[in-house]
Amino acid sequence: MKNIIKKDVIIIGAGASGMMCAIECGKRGRSVIVLDHAKKIGEKIHISGGGSCNFTNINTSYTNYLSNNPHFCKSALSRFTPEDFVALLEKHGVKYEEREHGELFCAGSSEDIIRMLEKECNGAGVNIMLNCHILSVKKEEQFMVSTNHGVFESESLVIATGGLSYPRIGASGIGYRIAKEFGLNVTELKPALVPFVFSQKDLKLFGELSGISIEAVIKCSKIEFRGNILFTHRGLSGPAILQISSYWKEGDTIVIDLLPEIDIYGILIARQLGKSKIDMHNVLSEFLPLRLAKIWCASNIQSKPVNQYNEKELKAIAHLVHNWEIKPDSTEDFKTAEVTLGGIDTDELSSKTMGSGKVKGLYFTGEVIDVTGQLGGFNLQWAWASGFVAGQYV
Ligand SMILES: Cc1cc2nc3c(=O)[nH]c(=O)nc-3n(C[C@H](O)[C@H](O)[C@H](O)COP(=O)(O)OP(=O)(O)OC[C@H]3O[C@@H](n4cnc5c(N)ncnc54)[C@H](O)[C@@H]3O)c2cc1C
């Protein structure tokens with residue numbers, strides 16, 4: 001066969017984990033090429049964190065991840081920590097800032113991180129080939145990757161192709177396909193960190209609340225998150241909703257506490273005893289946006305002056321305010337999901353190296369693995385950490 005380009009390591013995917021892996025193995029003196037079908041490197045880093053890239057979280061722990069094996073991520077996370085990534089930023093003079101809950105963002109733009117990774121790749125002698133379409137991946141003695149730019153051969157192959165979300169910027173299922181072709185198990189794939197879509201009935205009732213955002217507590221499957229929820233023209237979004245979506249299964253009901261930490265029962269009883277003639281939705285609008293209070297009352301209770309309710313009714317209303325049940329029809333799917341839940345079965349991989357037990361020299365890094373972070377910089381931290389550890393062995 002003519003024109004075979006030989007390298008020690010081929011990495012498919014010039015995203016967060018692929019570049020981190022390339023930098024590390026390049027520094028070890030391995031010859032490495034990164035192949036990507038996109039026109040630019042790091043497209044997901046570019047759009048992450050609303051363009052400011054929430055690149056890590058200083059409170060990262062294995063408990064921030066979902067996986068069939070919640071312990072799998074521990075080793076990599078302990079060997080490449082948020083502090084390690086911050087040290088890299090400081091080496092390059094990239095400015096960052098801490099926002100809520102330990103989330104670290106670029107003070108400038110996510111492009112700063114992309115340029116930093118590019119510089120590190122150059123320094124480590126990494127070749128990156130863009131617009132490179134993978135035609136087939138095979139293993140004989142060595143891995144053979146056929147592309148529109150020719151055939152590449154290597155001893156180690158790293159699949160760093162990310163998840164299925166945001167297909168419009170290059171996401172594809174190739175990583176899962178390659179894994180299956182090599183006989184590796186892939187767990188169920190689902191969109192996560194994704195907005196909910198209302199049922200037809202709820203859309204009619206609550207669709208006009210689009211744009212309203214409140215602080216709430218959301219519960220589902222014994223998990224709860226506190227944060228903002230946002231009514232959209234299709235359903236519900238906002239950080240707390242995205243968080244709970246990763247734990248939601250079709251048919252599940254989510255429970256919303258509209259007024260966390262407010263003793264609305266105590267307030268209603270006091271008003272009733274004071275013989276208040278103010279309508280219930282107006283009382284609730286002291287704590288919630290008026291439009292929401294009105295529509296919520298219209299769809300859940302009959303709004304009338306507070307002095308016309310008895311104690312039992314007020315108790316029931318207060319309970320509803322703290323436990324408002326919504327049964328989403330679905331999620332907005334991979335089109336708008338931030339990440340993919342599930343992936344390469346962690347039973348197939350070494351948690352130390354990210355290498356396959358079945359296929360010598362085959363590695364996976366980042367989101368393609370069945371390790372999914374919560375919202376808050378945890379997914380990129382996983383990408384850096386898994387890419388870093390694989391880079392020590394490939
Ligand atoms: C809108 C949005 C915002 C986000 N914000 C944050 C955030 O602020 N903080 C955070 O921690 N996480 C965030 N994430 C998640 C985070 O971006 C990903 O989890 C992370 O980038 C995964 O890294 P990765 O290296 O595994 O994959 P990716 O970064 O997705 O890289 C995969 C690469 O593989 C390439 N590829 C895919 N298919 C092929 C193919 N067939 N042939 C060749 N190349 C291919 C892609 O072009 C891409 O360059 C966000 C995600 C989205 C969608």
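This is a short tour of a predicted model, going from its domains to its ligand and then to three pairs of packed helices.

**Stop 1: the two domains**

Begin by colouring the protein chain by domain. Domain 1 covers residues 4-190 and 335-391, while domain 2 covers 196-331. The centres of domain 1 and domain 2, taken over C-alpha atoms, are 40 Å apart. Where the two touch, domain 1 contributes 6 residues and domain 2 contributes 4 residues. On the domain 1 side of this contact, 3 residues are nonpolar, 2 are polar and 1 is charged.

**Stop 2: the ligand**

Next, select the ligand and show what lies around it. How many residues surround the ligand, and which are the closest? There are 38 of them, and the closest are Gly13, Gly15, Gly49, Gly162 and Gly366. Now turn on the cartoon: the elements that each give two or more residues to this shell are α1 (16-27), α2 (43-47) and α13 (378-391). Colour the shell by class to find 17 nonpolar, 16 polar and 5 charged residues.

**Stop 3: α1 against α13**

Keep α1 and α13 selected and hide the rest. A general point helps here: a pair of packed helices is described by the angle between the axes and the distance between them. The axes of α1 and α13 come within 7 Å and cross at roughly 30°. Angles under 35 degrees count as roughly parallel, so α1 and α13 are roughly parallel to each other. Their crossing is right-handed. Show side chains for the contact: α1 supplies Ala16, Ser17, Gly18, Met20, Cys21, Ile23, Glu24 and Cys25, and α13 supplies Leu380, Ala383, Trp384, Ser386, Gly387, Phe388, Ala390 and Gly391. By class, the residues of this contact are 10 nonpolar, 5 polar and 1 charged.

**Stop 4: α1 against α5**

Leave α1 on screen and add helix α5, residues 111-123. The axes of α1 and α5 come within 8 Å and cross at roughly 30°. The two helices are therefore roughly parallel to each other. Is the crossing of α1 and α5 left-handed or right-handed? It is left-handed. Select Met19, Ala22, Ile23 and Gly26 in α1, then Leu117, Glu120 and Cys121 in α5, to see where the two helices meet. This contact has 5 nonpolar residues, 1 polar and 1 charged. Ile23 is worth a label, since the α1 residues in contact with α13 include Ile23, and Ile23 is also among those that meet α5.

**Stop 5: α9 against α12**

Finally, select helix α9 (residues 264-273) and helix α12 (residues 311-322). Their axes come within 9 Å and cross at roughly 150°. Angles over 145 degrees count as roughly antiparallel, so α9 is roughly antiparallel to α12. The crossing of α9 and α12 is right-handed. In α9, pick out Ile264, Tyr265, Leu268, Ile269 and Gln272; in α12, they meet Glu311, Leu314, Lys315, Ile317, Ala318 and Val321. The contact of α9 with α12 contains 8 nonpolar, 1 polar and 2 charged residues.

Key:
Residues numbered from 1 in each chain as written. Predicted model: local features only at pLDDT ≥ 70, side-chain atom pairs only at ≥ 80, totals over all residues. Near = placed C-beta within 6 Å. Helix = DSSP H or I, 4+ residues; strand = E, 2+ residues; numbered from the N terminus. Nonpolar A, V, L, I, M, F, W, Y, C, P; charged D, E, K, R; others polar. Axes fitted to C-alpha atoms, helices over the stretch in contact; angles between N-to-C directions. Parallel < 35°, antiparallel > 145°, perpendicular 65-115°, else oblique. Left-handed = near helix turned anticlockwise from the far one by under 90°. Contact = placed C-beta atoms within 7 Å. Domains from an automatic or database assignment.
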